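User: Please take me through this model by explaining what justifies each label you attach to it. I would like to see the value set against its criterion every time.

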Amino acid sequence: MASAASAVSAASVNHGEASAEGEKPASQSLIMTDPQTGHTPSAAGSVIEAVDGISGATLLIRIQNIASTANLGVRLDLKKIALKCRNTEFNPRRFGAVIMRLREPRATALLFASGKICVTGVKSTHNATLACKKFHYIIERVGFKPKEYMDFKVQNIVGTADCGFPIRLEGLVYAHSGYASYEPELFPGLIYRLVNPRVVFLIFVSGKVVITGAKKESDLSTALTKLYPVLVEFKKVHVAPFPTNNNPSAAAPAVLPEKRSSTTEKLMEEV
């Protein structure tokens, strides 16, 4: 009896070792490196640094949103998902996808019947991959069998930066007319399209900049490093200060008394 029990325990241990060896880490089983770009999602935070390209000073870029896509490789019953999952919305008359939200990481996903997912609302690629893993797990718990490897891709990264000085947009669009467009009657910002890396800048008079169209965090910093010397070239030099109590020279001029015409004076005397 003892020998039989020891044999059973040894078999169970060997079986456990085989299953442990056969399993792959969750990070490797769900997310793959993009073979075209060679980009693997990083754990970068919502703030990244860039060099100004002149003096070597550091510029801060704050990531505002990341849009990514994945493919589960299986057809989905959207009505079943909406009935069994929390924090979901499904109105097929308005939009043909289930809207699912996560609290941690804070993300929103669009689940389509074809099995494709669009994840948005995260502020780092690390959180984007983590959200995709959680959506993969939720769909698996509902009863579907998604494929092991998701075709995860970051489609768009939006970031903002502040140059710290006002910019002459009219001069910038005149000198770089091949890359820039500026229609102040339609939109207050200048649109600057950079070729390499392929990103789009929205430049405002105040010096605030919005960067969109990037696929990697490094594209944001590289693009800002290239464009910053151009922005410095068209920096506003003479800016009129706002009138304050501490600056009496910039105060508003005194109102002079109104001069009355001779006709007005005669009418006043008659009255």
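Analyst: Two strands are said to pair if DSSP finds at least two bridges between them, and that criterion is applied here to a predicted model.

User: What makes β4 and β5 a pair of strands?

Analyst: β4 and β5 are joined by 5 bridges and run antiparallel; since at least two bridges are required, the two strands count as paired. One of the positions concerned is Arg101, whose bridge partner in β5 is Thr108. The connection from β4 to β5 is a hairpin through 4 residues.

User: How do you know that β5 also pairs with β6?

Analyst: The same test is applied to β5 and β6, for which 4 bridges are found in the antiparallel sense, and the requirement of at least two is therefore met. Across this pairing Ala109 stands opposite Val119 in β6. A hairpin with 4 residues between the strands links β5 and β6, and in its turn Gly115 has a positive phi of about 100 degrees. As for the two faces of β5, Ala107, Ala109 and Leu111 make up the covered one, whereas Thr108 and Leu110 lie on the uncovered one.

User: Why is the contact between Glu89 and Arg101 called a salt bridge?

Analyst: Side chains of opposite charge can pair when their charged atoms come close. Between Glu89 and Arg101 the distance is 2.9 Å, N to O, and as the cut-off is 4 Å, the contact qualifies as a salt bridge. Glu89 belongs to strand β3 and Arg101 to strand β4, so the salt bridge ties together parts that are 12 residues apart in sequence. A search of the whole structure finds 1 salt bridge.

User: Are Glu89 and Arg101 buried, exposed or partly exposed, and what decides it?

Analyst: Glu89 has 41% relative accessibility and Arg101 has a relative accessible area of 38%. Buried would need a value under 20% and exposed one over 50%, so a residue in between is partly exposed, and that is the conclusion for Glu89 and for Arg101.

User: What makes the pair of Phe95 and Phe112 edge-to-face?

Analyst: Among the 4 aromatic pairs found in a search of the whole structure, Phe95 and Phe112 have ring centres 6.1 Å apart and planes at 75 degrees, so the pair is edge-to-face. The distance falls within the limit of 6.5 Å and the angle is over the 60 degrees that this label needs. Phe95 sits in the loop between β3 and β4, and Phe112, 17 residues apart from Phe95, sits in the loop between β5 and β6. Phe95, at 37% relative accessibility, counts as partly exposed, and Phe112 is partly exposed with 27%.

User: Why, then, is the pair of Tyr179 and Tyr192 called stacked?

Analyst: The ring centres of Tyr179 and Tyr192 are 6.2 Å apart and their planes lie at 25 degrees, so this pair is stacked; the angle is under the 30 degrees at which that label stops. Tyr179 is placed in the loop between α5 and β8 and Tyr192 in strand β9, 13 residues apart. Tyr192 is buried, because its relative accessible area is 5%, while Tyr179, at 43%, counts as partly exposed.

User: How do you know that Thr129 is buried, and what does its side chain meet?

Analyst: Thr129 has 8% relative accessibility, which is why it counts as buried, the cut-off being under 20%. Thr129 is placed in helix α4, and a polar atom of its side chain lies 2.7 Å from the backbone oxygen of His126. This distance is within the 3.5 Å allowed for a polar contact.

User: What makes β11 a partner of both β7 and β10?

Analyst: β7 and β11 pair in the antiparallel sense over 5 bridges, and 4 bridges join β10 to β11, again antiparallel; each count satisfies the requirement of at least two, so both pairings stand. Asp162 has Lys208 as its bridge partner in β11, and Leu202 stands opposite Val210 in β11. The hairpin of β10 and β11 has 4 residues between the strands, and Gly207 takes a positive phi near 100 degrees in it.

Definitions and conventions
Residues are numbered from 1 along each chain as its sequence is written. This is a predicted model: local features need pLDDT of at least 70, side-chain atom pairs count only at pLDDT 80 or more; totals for chains, interfaces and linings use all residues. Side-chain values use heavy atoms; hydrogens and water are left out. Buried means under 20% relative accessible area, exposed over 50%, partly exposed in between (1.4 Å probe, protein chains only). A polar contact is a pair of N or O atoms within 3.5 Å; within protein, one must be able to donate a hydrogen and the other to accept it, and residues adjacent in sequence count only if both atoms are side-chain atoms. Rings of Phe, Tyr and Trp (its six-membered ring) pair if their centres lie within 6.5 Å; planes under 30 degrees apart count as stacked, over 60 as edge-to-face and the rest as tilted. A salt bridge is a side-chain nitrogen of Lys or Arg within 4 Å of a carboxyl oxygen of Asp or Glu.
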